[in-house]
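This report describes one chain, going from backbone details to the sheet, the helices and the cores.

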Amino acid sequence: MSDVKETRFRVEGMDCASCASKIDTAVRRMPGVSDVSVSVTAGTMRVQHDPSSDLDAIRRKVSGLGYVVTPGAALAGDKPAPEHAHGPNCDHAHAHDHDHGHSHEVNAAAMEGLHGHDHGPSEGPWWKGKKGRLTILAGGALVVAYGIGHLFPAIASYAFLIAMIVGLLPIGRRAIMAALAGTPFSIEMLMTIAAIGAVAINATEEAAMVVFLFLVGELLEGVAAGKARDSIRSLSTLVPKTALLEEDGRTKEVPAESLPVGAVILVRPGDRISADGTIIEGESAIDEAPVTGESTPVRKEAGDAVFAGTVNGDAALRIRVTAAAADNTIARVIKLVEEAQESKAPTERFIDRFSKYYTPGVVVVAALVAIIPPLAFGGIWSEWVYKGLAVLLIGCPCALVISTPAAIAAALSAGARRGLLMKGGAVLEGLGKLTAIAFDKTGTLTEGKPVVTNVVAFSSPAEEVLRLAAALEAGSSHPLALAILAKAAEDGIVLPVATGSHALGGKGVAATVEGRDVFLGSPKAAAERVALSAEVQAATTALNDDGKTVSMLIVDGVLAGAIAMRDEPRADAAAGLKALKDLGIKTIMLTGDNARTARAVGSQLGIEVRAELMPEDKQRIVGELQREGFVVGKIGDGINDAPALAAADVGIAMGGGTDVALETADAAILHGRVADVALMTDLSKRTMRNIVENIVLSLGLKGVFLVTTIVGITGLWPAILADTGATVLVTLNALRLLRPNK
C-alpha cells in the first residue's frame, strides 16, 4: 500500500452533513480513489488515491455538484498531507475503537436523500457569494414578473415561468449532477420535480415563489452554519502573523508560520506569543485564557512551556520554539475538532440510516397522494397533483438530517473554546451517559508537585527553620527542594549563602551557613545524628499519617525544626467532585501512591480510594465497575494510565496541551480543572437534549404541514417554508450550545 497517496482539497460552501455525503458518494466512485474523508466544519476533503489518479477530474466532479474546490489549499491546523496509506486520523491512538466511525468509514449510501445547496464561497458578505447573488437575481425576476402580471395579465403565467427558470436552472443542473454522482434523492431533485409539476398544472406563480423561498432558506441556512464553523476557526486568528526572531544577536520581524523548531524569539510585554515554546530567559505572568480557558494569568519562568496565542504579561521573554506553526497547540486543537466532527455519534448514524429509507418513502407517498384520489375516488387531478407536490417538498429530510451534526458541531466548538476537547460525536454522546468516573491522583486530583504545608519549630523559630533549609536547597532541582524554595520566596525570605554544600546519598544535604553546620534530611537520617524525643516522633507520625513528607533541620547538632510537604489537591478538586456527585455519578480514586498518602488526600476530598495499584490493576478495577453495570469514565494524565483509559467507556486526559493529553484519550481537559469534568458531562447532556429538541421540531413541523396540506389548508408556499424554515430553526437552536450554559 506504499503507493497510495493522500491529497487534500479545500471545499467551500458546505453547510451540513448532506453536502459531505454527496461529495463522498461522488468522489468514492472515481477511478483510483480508495478512501474519502470530508469535513464540513473544516471545509476540507482528503482523498486517498493511486499516484495515477486524475486529481483535476476529482476537482471537476466536486465543482459539478456546485462547490468551489481548491486543490491542496492549507488551513490553520493542517500538516502536509502524508504520502501513505493511512487515513488522516490514524496517527491518533484512540483509546478504543467502538463508536469511533469517521465519515470515510460510514457507507455514504446510508446518507442518500439529503439536501444540497448552491455552494459559493462562504467568506465575505452574503450578497457577494454565489448563493447570495442567485437569490437576489431570482427575487428580482419574481418582482419583475409580478409587475408584468399586473400590467399585462394575459402573459403573467409566462413571466412567472421565466422567473422560475432563473432560479431553477442552477438547482436542476445540480440535481442531475448529484443523481449521476450517486445521490438521486437530493433536495434539488425534489425541488425540480415540484416546480416542473406546478408548471404542468398551471401554478406558475407558486412555482416561481417556491423556488425563490427555497433559495432564501438555503441562504439563511448557509449563514447560520457559517456561525458554527467560524466559532472554532476564529481560534486560528489568535496566533500573531509575525514574530521577532533572534539571529546573530539581532532581532528581525518574520512571518510566524516560517519559524523553525529551535529558533529563539523575543516576546515583548503585552504581545501574543507567536509559537509554542520553552522560556529560556525572563519571568512573566501569561494570560492563557484564549487557549485553555484559564481565567487567571499563570506565572511562568525559564524552563516553563508556553503556548502560541497566549498573551505575555509584564516582562520581555526569550522563547525557544518547540513546535512548527502547523503543530502548535491551537493548530492541533483546530485539527482535532475538525476531525472530531467527522466522527459520527450513534444517534447521527441512526438518523443517516433512517434517511436512506425516509426520502424514497416520501416520494412514494407523494406519488400516491397525487394519483390514488383521482383514479380511485374521482378526485380532481390538478388538485391532488398539487397536494402531492406539496407533500414532496414537506417530506425533504433536510432539517432532520442536520439536527444531530449541527448540535454536535456547536457543542464540540463550544467545548474547545473552554479547553474541553472531545474526539467526535460518539465521545460527546458517551460523556452524558457516564455513571462512574475513576480519577488518577497525582497531577489529576492533585497539583502533581509537592508544596510546603507545615513549618514546625522545635528549638528555632519557624521563619529561621525555613530560611536555613532554603539556603541549603538553593540551586537544587529536586521537587522537595523546589517546594521549600517556593515557600521561602512566597514569604519574602532573603536567603543566606551556604558553603561546602554536599548531598549525603539517600539521607539529605549538609552545608555551612553563617558559620553553623546545618543538615536537612529525613527523620530516619536525623535520628542518626540527634535523639528524637517522643513529642517529636509523635508530631512526625501525625504529619506522615496526613500523607506528608517530613524533612528535619539540625543546626550545630541540635534539632531546630521540621518542614512537612505534600502534593496538595487542586484548588477546585473538592468542588469538582461534589458537582459530579450532585449529578449522581460515582467517583473513585485509583492511584499507585502509598495507601497512607492516598487516604489522606481521599479523606480531604471525600472520595473513595484504591491505592498502591499497578497500571493493570487500574484496568482491572475499571472492568469490575463495568461488570457491576456502571458506564465508566477514566481520567488520568494519558501516559501511565493508558491501559485503564483504553478499558473505560470514555477516557479523558487531564493535561496542559501536551501531545499525549491531546492524542491518547477520547477527550482532554486542557487546563486541568477537576470541575471541568462536570462541565463536560453537562455539555453532553445539554447537547443530547438539543438533538431531541431538533428532531421533534423538524418532524413535528413536517407532520403538521403534511396534515394541513392533505386536507387542503396549506399549499406549496408553506410546504417549502416547512422545510427550509425547519432547517434554519434547527440550526439556530443548535447554535445556542455555543453560549455558556444555555
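Just after helix H5, Asn202 takes a positive phi of about 65°. The model is predicted: local features need pLDDT of at least 70, side-chain atom pairs count only at pLDDT 80 or more, and totals for chains, interfaces and linings use all residues. Residues are numbered from 1 along each chain as its sequence is written, and side-chain values use heavy atoms, with hydrogens and water left out.

**Positive phi values**

Most residues other than glycine have a negative phi. Besides Asn202, positive values are given here for Asp248, Asp556 and Glu612. The table lists the four residues with their places; helices (H or I, at least four residues) and strands (E, at least two) are DSSP runs, numbered from the N terminus.

| Residue | Phi | Place |
|---|---|---|
| Asn202 | about 65° | just after H5 |
| Asp248 | about 55° | turn between S5 and S6 |
| Asp556 | about 50° | loop between S20 (549–555) and S21 (558–569) |
| Glu612 | near 55° | loop between S23 and H20 (615–627) |

Accessibility is sorted into buried (under 20% relative accessible area), exposed (over 50%) and partly exposed (in between), with a 1.4 Å probe and protein chains only. On this scale Asp556 is partly exposed, because its relative accessible area is 46%. Glu612 counts as exposed, because its relative accessibility is 53%.

The turn that holds Asp248 belongs to a hairpin of S5 and S6, with two residues between the strands. Strand S5 (residues 242–247) and strand S6 (residues 250–255) pair in the antiparallel sense over six bridges; two strands pair if DSSP finds at least two bridges between them. In this pairing, Glu247 stands opposite Arg250 in S6.

**Chain totals and the open sheet**

The chain has 24 helices and 26 strands. Of its 742 residues, 55% count as buried. Its accessible surface comes to about 29800 Å², and 60% of that belongs to carbon and sulfur atoms; the areas come from the Shrake-Rupley method with a 1.4 Å probe, and for residues only the protein chains shown count as cover. Among contacts (heavy atoms within 4.5 Å) with a separation of 6 or more, 71% are between residues 24 or more positions apart.

Seven strands make an open sheet in the order S14-S26-S25-S24-S15-S22-S23, with mixed pairing. At its edges are strand S14 (420–422) and strand S23 (608–610), each of which pairs on one side only. Within the sheet, strand S25 (residues 650–654) and strand S26 (residues 667–669) pair in the parallel sense over three bridges. Ala653 stands opposite Ala668 in S26.

**Helices H3 and H5**

Helix H3 (residues 130–151) has 22 residues and reaches 32 Å from its first C-alpha to its last, close to the expected 32 Å. The expected span is 1.5 Å times one less than the number of residues. Buried residues of H3 include Leu134, Ala138, Ala141, Leu142 and Ala145.

Helix H5 (residues 187–200) has 14 residues, which should span 20 Å at 1.5 Å a residue; the end C-alpha atoms are 20 Å apart, so the two values agree. Among the buried residues of H5 are Ile187, Glu188, Leu190, Met191 and Thr192.

**Nonpolar cores and two buried residues**

A nonpolar core is a set of buried Ala, Val, Leu, Ile, Met, Phe, Trp, Tyr and Cys residues joined through side-chain atoms within 4.5 Å. The largest one has 45 residues, and those with the most contacts inside it are Met422, Leu431, Ile437, Phe439, Leu445, Ile652 and Met680. Helix H11 (residues 398–417) gives the largest share of this core, nine residues. A second, separate core of 44 residues includes Ile187, Ala203, Ile394 and Ala722.

Which residues does Leu580 touch, not counting residues up to four places away in sequence? They are Ile437, Phe439, Ile585, Thr587, Val677, Ala678 and Thr681. Leu580 lies in helix H18 (residues 573–582) and counts as buried because its relative accessibility is 0%. Leu580 and Thr681 are 101 residues apart in sequence, and 8.7 Å apart in space from C-alpha to C-alpha.

Thr444 is placed in helix H13 (residues 441–445). Thr444 also counts as buried, because its relative accessibility is 0%. Leaving aside neighbours within four places in sequence, Thr444 is in contact with Phe439, Arg570, Ile635, Gly636, Asp637, Met654 and Val674.
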